[in-house]
Amino acid sequence: MNNNTIDVNEEKKKLVLERFKTLNPESKIILGGSNEITIKDLINHVQEEDEFGKRIIAIQIKMLQAFGQ
């Protein structure tokens with residue numbers, strides 16, 4: 001990759017992290033029923049880019065795209 005190439009996946013990750021960092025890290029949200037997770041844990045999953053983190057990034061980007069329409 002040269003200096004003029006943008007890594008779209010990295011930019012998406014940064015965007016999602018910046019959105020989550022505006023929230024209280026100890027706040028909890030409920031995902032898919034009764035599973036609670038803190039914002040801090042969501043941030044960790046996104047930073048690690050594990051499977052759950054990748055799904056969170058994809059969902060957040062889809063949500064932002066829906067808002068833009």
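Is Lys 54 buried, partly exposed or exposed? Lys 54 counts as partly exposed, because its relative accessibility is 42%; buried means under 20% relative accessible area, exposed means over 50%, and partly exposed lies in between (1.4 Å probe, protein chains only). Before the views, a word on the model: it is predicted, so local features need pLDDT of at least 70 and side-chain atom pairs count only at pLDDT 80 or more, while totals for chains, interfaces and linings use all residues. Residues are numbered from 1 along each chain as its sequence is written, and side-chain values use heavy atoms, with hydrogens and water left out.

**View 1. The whole protein chain has three helices and two strands.** Follow the sequence and you meet the pattern α-β-β-α-α. Helices (H or I, at least four residues) and strands (E, at least two) are DSSP runs, numbered from the N terminus. The C-alpha trace spans about 45 × 30 × 20 Å along its principal axes. Of the 69 residues, 22% count as buried. The chain exposes about 5,300 Å², with carbon and sulfur atoms supplying 50% of it; accessible areas come from the Shrake-Rupley method with a 1.4 Å probe.

**View 2. Here helix H2 (residues 39-48) meets helix H3 (residues 51-68).** Their axes come within 7 Å and cross at roughly 100 degrees. That makes H2 roughly perpendicular to H3, a label for angles of 65 to 115 degrees. Axes are lines fitted to C-alpha atoms, for helices over the stretch in contact, and angles run from 0 to 180 degrees between N-to-C directions. On the H2 side you'll find Leu 42, His 45 and Val 46, and they meet Phe 52, Gly 53, Ile 56 and Ile 57 in H3. Contact means heavy atoms within 4.5 Å. Sorted by class, this contact has five nonpolar, two polar and no charged residues. Ala, Val, Leu, Ile, Met, Phe, Trp, Tyr, Cys and Pro count as nonpolar, Asp, Glu, Lys and Arg as charged, and the others, Gly among them, as polar.

**View 3. Now it's the turn of helix H1 (residues 8-21) to pack with H3.** The angle is about 80 degrees, and the axes are 10 Å apart. H1 and H3 are therefore roughly perpendicular to each other. H1 brings Lys 12, Lys 13, Leu 15, Val 16, Arg 19 and Phe 20, while H3 brings Ile 56, Ile 57, Gln 60, Ile 61, Met 63 and Leu 64. By class, that is eight nonpolar, one polar and three charged.

**View 4. Step inside, and the largest nonpolar core comes to 11 residues.** Val 16, Leu 17, Phe 20, Ile 37, Ile 39, Leu 42, Ile 43, Val 46, Ile 56, Ile 57 and Ile 61 make it up. Such a core is a set of buried Ala, Val, Leu, Ile, Met, Phe, Trp, Tyr and Cys residues joined through side-chain atoms within 4.5 Å. H1, H2 and H3 each give two or more residues to this core, and H2 gives the most, with four. Leaving aside neighbours within four places in sequence, Ile 56 is in contact with Phe 20, Leu 42 and Val 46.

**View 5. Two lysines, Lys 13 and Lys 54, share this last close-up.** Lys 13 sits in helix H1, and Lys 54 in helix H3. Lys 13 counts as buried because its relative accessibility is 10%. Not counting residues up to four places away in sequence, Lys 13 touches Val 46, Gln 47, Glu 49 and Ile 57. The two lysines are 41 residues apart along the chain, and their C-alpha atoms are separated by 8.5 Å.

Technical notes. Parallel < 35°, antiparallel > 145°, perpendicular 65-115°, else oblique.
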